[in-house]
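Let's take a walk through a protein model, starting with one residue and working outwards. Keep the structure open beside you as you read.

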Amino acid sequence: AWGDGKTYKIGLRNSTDRRSVVYQHSFTPNTDRWCRIQLPFSDFIPTWRGKTLTDVEPLDVGHLASLSLFVSGRQVGEFRLRMQDWGVFRT
């Protein structure tokens with residue numbers, strides 16, 4: 001990834017229902033060169049409408065149904081995020 005100084009989030013769901021729990025992980029890529037971003041599944045935080053949940057099942061990586069990418073924390077203005085070579089893997 002090559003970023004613009006903004007923080008971004010990846011959201012993963014185990015359901016296609018937009019009202020389901022979103023497991024989120026934030027990242028801020030370098031602004032001056034390409035960098036590899038690795039986000040371990042175990043570090044994704046379960047959320048609902050921006051609030052962290054503590055009483056839900058962990059992310060089921062065997063049944064991922066959707067992925068979203070968004071600018072984090074109500075940051076405003078233009079953004080530029082370049083990404084390539086997406087991969088999903090278990091360690």
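## Starting from T28

T28 counts as partly exposed, at 44% relative accessibility. In this predicted model, T28 sits in the loop between β2 and β3. If you skip residues up to four places away in sequence, T28 touches G5, K6 and T7. You can also look much further along the chain: T28 and L81 are 53 residues apart in sequence, and their C-alpha atoms are separated by 9.9 Å.

## The same loop, another residue

Stay in the loop between β2 and β3, and you will find I37 there as well. Is I37 buried, partly exposed or exposed? Its relative accessible area is 32%, so I37 is partly exposed, since "partly exposed" covers the range between 20% and 50%. Leaving out residues up to four places away in sequence, I37 touches A1, F27 and P29. I37 and W2 are 35 residues apart in sequence, yet their C-alpha atoms are 9.7 Å apart in space.

## F27 and the core

One of those partners of I37, F27, has a list of contacts of its own. Again not counting residues up to four places away in sequence, F27 touches K6, T7, Y8, K9 and I10, and also I37, L39, L69, L81 and M83.

F27 also belongs to the largest nonpolar core. Which residues make up this core? There are nine in all: A1, Y8, I10, L12, Y23, F27, F44, L59 and L81. Two elements, β1 (8–13) and β2 (22–27), give two or more residues to this core. The largest share comes from β1, with three residues.

## Two residues with positive phi

Now for a pair of residues worth finding on your screen. R49 is not a glycine but has a positive phi of about 50 degrees. R74, also a residue other than glycine, has a positive phi near 60 degrees. Here they are side by side:

| Residue | Place | Phi | Relative accessible area |
|---|---|---|---|
| R49 | loop between β3 (45–48) and β4 (51–52) | about 50 degrees | 70% |
| R74 | segment after β5 (66–71) | near 60 degrees | 81% |

Exposed means over 50% relative accessible area. With 70%, R49 is therefore exposed, and R74 is exposed too, at 81%.

## Zooming out

Time to step back and take in the whole chain. How many helices and strands does the protein have? It has zero helices and five strands, so reading along the sequence gives the pattern β-β-β-β-β. The radius of gyration is 14 Å, close to the 12 Å that the globule rule gives for 91 residues, so the protein is as compact as a globular protein of that length. Along the principal axes, the C-alpha atoms fill a box of roughly 40 × 30 × 20 Å.

Of the 91 residues in the protein, 24% are buried. The accessible surface comes to about 6,800 Å², and carbon and sulfur atoms account for 48% of that surface.

The contacts tell you something about the chain as well. Take the contacts between residues at least 6 apart in sequence: 64% of these join residues at least 24 apart.

Finally, the charges. The protein has 13 positive and 9 negative charges, and the mean positions of the two sets are 5 Å apart.

Notes: Residues numbered from 1 in each chain as written. Predicted model: local features only at pLDDT ≥ 70, side-chain atom pairs only at ≥ 80, totals over all residues. Heavy atoms only, no water. Helix = DSSP H or I, 4+ residues; strand = E, 2+ residues; numbered from the N terminus. Rg over C-alpha atoms; globule rule 2.2 N^0.38 Å. Buried < 20%, exposed > 50% of the residue type's maximum accessible area, 1.4 Å probe, protein only. Contact = heavy atoms within 4.5 Å. Areas by Shrake-Rupley, 256 points an atom, 1.4 Å probe, with all protein chains shown as cover. Lys, Arg positive; Asp, Glu negative; His and termini not counted. Charge placed at Lys NZ, Arg CZ, Asp CG, Glu CD. Core = buried A, V, L, I, M, F, W, Y, C linked by side-chain atoms within 4.5 Å.
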